[in-house]
Structures are given as structure tokens and as C-alpha cells.
Amino acid sequence: MANPNWPSFPGVPNMSLDGDGRPQAQDLIPGKQLGTPLNAAFFNPILGKVCDLSDQIDAENNAAISGTLDLAPGDHQGLGLHTQGGSNAVLYNDGVNGWRPLALNADLQAESQRAQAAESQLVLGTKGLDDYSLKVTGIKSQYSDTSKNNPIGIEYMDDAGVFQLAITRDFADTLYASQSALQAETQRAQTAEGQLVLGTQGVDDYSLRITGIKSQYSDTAKKNPVGIEYMDDAGLYQLAITRDYADTLYASRSDLQNAASQAVSGTLGLASGDQPGIGLHTQGGSNAVLYNDSANGWRYLVVGEGNNTDGAVRAAVFSAGANGDRSSPTFIDGDGHYIGLLPAQNPVVNGALKTDTIASASGAAVSVSYDGGGRVAFQNDGNFVGYSSSGGVNFALGSSSCTLNGPLMINNNGGSLGLNPNTTFNGQMRGQISWGGRSWYPGGDGLIMVDNGNILAEAISPTLTYRFTLQVVHGSRLVWPRQFADDNVQIAGMAKDGSTDNVHILNLFSVDRYGAVVSLNVWNGSGLINETASTTATFIVTGSPL
């Protein structure tokens with residue numbers, strides 16, 4: 001078959017085609033210029049070889065892969081392709097990148113099948129990806145121990161490089177409560193809370209939340225309860241005492257009534273200008289009666305024993321009188337008491353008088369020693385006076401009033417009652433009444449303080465008294481531990497001063513059966529201002545019990 005790639009000689013008269021269609025030279029006229037046997041013999045073999053070569057090239061081109069097919073600008077022509085011995089890999093060369101192995105289609109199919117089988121076992125890291133998520137790039141199984149015995153979940157990494165742990169249910173059960181456990185705990189807590197005391201009930205601007213409460217005892221053996229001790233948000237502990245314990249601290253109505261029935265009134269028959277009596281007792285040793293009022297201090301009282309009807313009256317007896325006999329006069333007062341008089345030398349008594357017994361029915365009413373210069377006498381003004389060795393008047397007894405300078409002690413059969421108008425208690429100037437080892441301290445504020453720190457209250461009806469110490473500021477609200485029966489509540493308070501430049505004035509805005517509102521001012525050096533700093537204050541509150 002003729003090959004279009006064989007050489008052709010169109011227009012040449014002595015060229016023709018052989019039986020296969022190949023070109024050949026032809027001797028047209030022997031010996032003539034246009035064709036000779038030499039031309040045919042010389043050119044025809046050459047033309048045959050050229051055609052054979054063309055056929056071979058075509059055959060090779062038909063069996064080869066084009067290195068330029070669809071070559072685009074910037075592409076590199078393929079130059080070689082062969083199978084490597086040993087590895088049986090197909091090698092390819094483009095003249096730029098050198099020899100590179102190419103995968104066979106069978107290998108590609110095998111790899112594709114392997115990859116597909118492997119991929120079917122993998123987790124897609126982009127499944128459901130949206131604007132709120134990132135692709136997962138890695139995932140691993142996480143354990144809590146290096147021996148890999150305790151799995152806790154899956155740890156994964158996303159495109160942001162953040163590791164996160166998704167825990168297993170078993171591990172979650174060790175960290176979090178289950179719904180059933182939560183419900184059980186809720187029921188348990190609600191049952192327990194139902195038995196608790198709400199610490200915020202009724203909290204307002206004058207109160208704080210209770211943060212703790214405990215039962216308080218006075219002994220480590222927990223045998224003697226005294227009340228409930230509680231703490232509020234200010235961190236202040238307060239004790240609300242029981243009634244039994246309160247009875248050991250404060251006087252009850254019956255105690256006051258019993259005390260009043262045994263007491264001597266210091267105000268009975270008090271007229272305008274009079275001073276109330278605050279103490280009366282018998283002085284030890286001398287057996288003299290000592291009396292004290294709020295203005296004159298302690299003074300001696302002299303009362304004769306017996307009367308003119310009991311047959312026990314005795315004349316004044318002098319162991320050694322100024323005249324050396326018993327000629328001193330004696331008179332009977334309006335109550336029938338015999339009063340013995342000293343010699344009428346006023347105010348000096350001469351002589352060596354040692355003791356003097358006046359109007360004594362069963363013992364000495366007045367006994368005076370003069371060895372140290374002390375003496376007694378009636379003065380021209382009618383007062384019976386006693387002088388000390390320094391010449392000062394110790395006491396004076398008159399017909400209308402009596403004064404006594406110094407403490408008064410009243411003794412009777414071993415008992416001793418002491419009166420002192422001028423002493424100091426808890427830093428305050430007060431009077432003092434002493435008896436049986438105990439002392440009471442009345443003052444101008446109308447209160448009677450007891451040596452154990454309590455305060456006696458005067459009551460004509462049943463009363464309830466609280467005494468407590470608090471931290472307060474201006475405007476603090478006080479709430480009584482137990483409300484009173486009415487709003488007639490008496491309260492006394494005293495704030496602790498920090499220094500001479502920190503003087504407090506404590507008052508009250510309002511007082512009722514439920515509590516009171518404190519007015520607390522402080523001197524800042526130039527004037528009084530509202531106190532905003534927490535200040536210690538003690539209050540005593542009395543009212544009718546509910």
C-alpha cells in the first residue's frame with residue numbers, strides 16, 4: 001500500500017510508480033538525455049530505501065507516545081519513558097525534572113482499593129462543618145494511667161491546634177453526678193434544709209444575715225446551757241441567754257420584792273430640799289450606826305436603848321467622867337430614849353475622859369476614846385459633834401438634820417452594814433452600800449450597780465431586763481432578743497470612747513417593744529458628726545415581759 005509519507009516527484013517526466021506505489025526512475029528513450037539506464041539503476045534503489053525508512057518511521061511513530069501532545073505554553077516535552085529493571089517501575093523524563101517513577105494503572109487501582117477500604121474505617125473530620133466549627137485534624141484514645149488500663153475518653157485536635165477531651169460515661173460518673181444521684185441529693189438537701197433555721201428571715205436595713213448558730217454552755221462538760229450564740233455577716237458573736245441562766249444574772253420580780261421588804265426606805269417622808277438616804281449599817285468593833293445620804297457622806301447615828309415603860313432604862317454611866325462622878329445630866333427624848341450629856345464645856349472637854357457610854361440599856365450606843373485627842377460635845381447650836389485629833393468635825397447630830405463626814409458602818413450582832421457616799425466604781429463617782437461581803441453602788445443617774453457588773457432595777461410591776469454589748473454606728477437598729485409587752489421600754493446606753501479626741505454622745509431616735517434606733521455622734525475636734533465607724537456600746541433595757 002502506498003504511504004503518503006514516501007517521497008514524490010510531481011511534474012518529473014521520467015518518474016513513475018512501481019507496483020507498490022513507490023517512486024522510481026524510468027528510462028524513457030535509451031541513449032537520450034531524458035532517461036538512461038544509469039539513472040534507473042542508480043536512483044531506484046535509493047528511492048526504495050527512502051520509502052522503507054519512511055515506512056519504518058511511521059511504524060515507530062504509530063507505536064510511540066507523543067511527548068508533545070497538547071503541549072501548552074510553559075509545559076515541558078516528554079523525552080523518555082521506560083520500565084526499570086528489578087523494581088519494574090515505569091520511569092519518565094521530561095529533560096527538566098530528571099527521571100521520575102510513574103504508577104501503573106494496576107498499582108493505582110490496587111492503591112485506590114486499599115485506600116477506600118482504609119477510608120471506610122476512618123472518621124470524617126469535616127462532617128457537618130459550618131461557621132461555628134473547625135475541621136478535626138487528629139484524634140486519639142486517652143487514658144488516665146501510663147499502663148493504658150483506665151480509658152477516660154477521646155482527645156482530638158482541630159485546625160486551631162486546640163486539644164479537647166471528650167470523656168467516657170464511666171469517667172464522667174467519677175466527675176459528675178448522674179441525674180438520679182442529683183435528684184436524690186436534691187431530695188436529701190431539701191429534707192435537711194427543712195430542718196434548718198433561715199438566717200435571712202425578715203432582714204432589713206437594721207439587720208444582718210445570721211451565718212452561724214450554736215448552743216452555748218457555761219461548762220466544758222456541757223451540763224449547764226446558757227443560751228444560743230450566733231454570728232452575723234459582720235462577724236460579731238452575740239449570746240441570747242435562756243431564762244434559767246438569766247435568773248442567775250438578774251434579779252427577778254420576787255427577788256426585788258424580797259429585797260424591798262428587807263430594805264430600809266431612803267425616801268420615806270422625803271420633803272423638798274431633803275437628801276435621800278442611800279446606806280445604813282452597824283460599824284464593826286464600835287457597834288456604832290453609820291448612815292449615808294447622797295450629799296453628806298457617812299455619819300454616825302446615836303440612839304439610846306429602852307424606854308420609860310420597859311423597865312430596862314439605865315442612867316448614863318461614866319467610867320471616868322470629867323468630874324469623876326455620875327453627875328452628868330440625862331434626858332428622855334420624844335421616843336422615850338434616855339440621852340446622856342457630857343459636861344457643858346463647849347466645844348473643849350478637859351480632863352482624862354477615856355470612854356463614855358450614853359443611854360445604854362444592853363450595850364454601848366456611843367463609845368469614844370480621847371487618848372488621841374478625839375472628843376465629843378454638844379455645841380451652842382444644839383448639835384452633838386465628834387472631833388478628830390486634828391480638830392476637824394467628823395460628825396454632827398442636830399435636832400432637824402444630821403451630817404456625817406466619812407463612811408458610816410453599822411454593826412449588829414456580828415453583821416456589818418457600810419455606807420460610803422464617795423467612792424469610784426467602773427471609773428465613775430458613786431456611793432457604796434456594803435453588806436455580807438457584797439457591795440452596791442448607787443449614783444446620780446438613778447441606777448444601782450452591783451459588784452458583779454449587774455444593775456438593779458426599781459420595779460413596781462414584773463419587768464424583763466437585758467444587758468448586752470454591741471458594735472454600733474449612727475443609725476444602727478437594735479432588736480430585743482424577745483419583744484416586750486408594750487412600748488414603755490426603758491433603755492440606758494453608754495458608748496466606749498477611743499481617746500480624748502474621740503468623745504461619743506449616744507442617744508436614741510426611737511424606742512418601742514421591738515427595738516430601738518441608735519443616734520451616735522462623735523466629736524471630731526471642731527464639732528459633732530454622725531459616727532460611721534463601728535463603736536462598742538453597752539445597753540441595759542427594761543420593760544414589761546410579754
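**A tour from a surface patch to a three-stranded sheet**

Begin by selecting Leu 165, Ile 167, Leu 175 and Tyr 176, which make a nonpolar surface patch of about 370 Å². The model on screen is predicted.

Keep Ile 167 selected from this patch. Extend the selection to residues 163-167 and you have strand β8, where Ile 167 sits. Is Ile 167 buried or partly exposed? Ile 167 is partly exposed, because its relative accessible area is 32%, and buried would require under 20%.

Next, select residues 210-217 for β9 and 237-241 for β11. Add residues 225-232, which are strand β10. Together these strands form an open sheet in the order β9-β10-β11, and the pairing is antiparallel. β9 and β11 are the edge strands, each pairing on one side only. Turn the view to look across the sheet: on average, neighbouring strands are turned by 25° against each other, with direction ignored. Strands of a sheet pair through backbone hydrogen bonds, either parallel or antiparallel.

Now stay with β9 and β10, whose antiparallel pairing runs over seven bridges. Which residue of β10 is the bridge partner of Gly 212? Select Met 231 to see that partner.

Finally, clear the selection and show the whole chain. The chain holds six helices and 33 strands. Colour by burial: of its 546 residues, 25% count as buried. The chain exposes about 35500 Å², and carbon and sulfur atoms supply 52% of that area. If you display contacts between residues at least 6 apart in sequence, 40% of them join residues at least 24 apart.

Key: Residues are numbered from 1 along each chain as its sequence is written. This is a predicted model: local features need pLDDT of at least 70, side-chain atom pairs count only at pLDDT 80 or more; totals for chains, interfaces and linings use all residues. Side-chain values use heavy atoms; hydrogens and water are left out. Patches are made of residues with over 30% relative accessible area and no salt bridge: like charges are joined within 9 Å, nonpolar side chains (Val, Leu, Ile, Met, Phe, Trp, Tyr) within 5 Å. Accessible areas come from the Shrake-Rupley method with a 1.4 Å probe; for residues, only the protein chains shown count as cover. A salt bridge is a side-chain nitrogen of Lys or Arg within 4 Å of a carboxyl oxygen of Asp or Glu. Helices (H or I, at least four residues) and strands (E, at least two) are DSSP runs, numbered from the N terminus. Buried means under 20% relative accessible area, exposed over 50%, partly exposed in between (1.4 Å probe, protein chains only). Contact means heavy atoms within 4.5 Å. Two strands pair if DSSP finds at least two bridges between them. Axes are lines fitted to C-alpha atoms, for helices over the stretch in contact, and angles run from 0 to 180 degrees between N-to-C directions.
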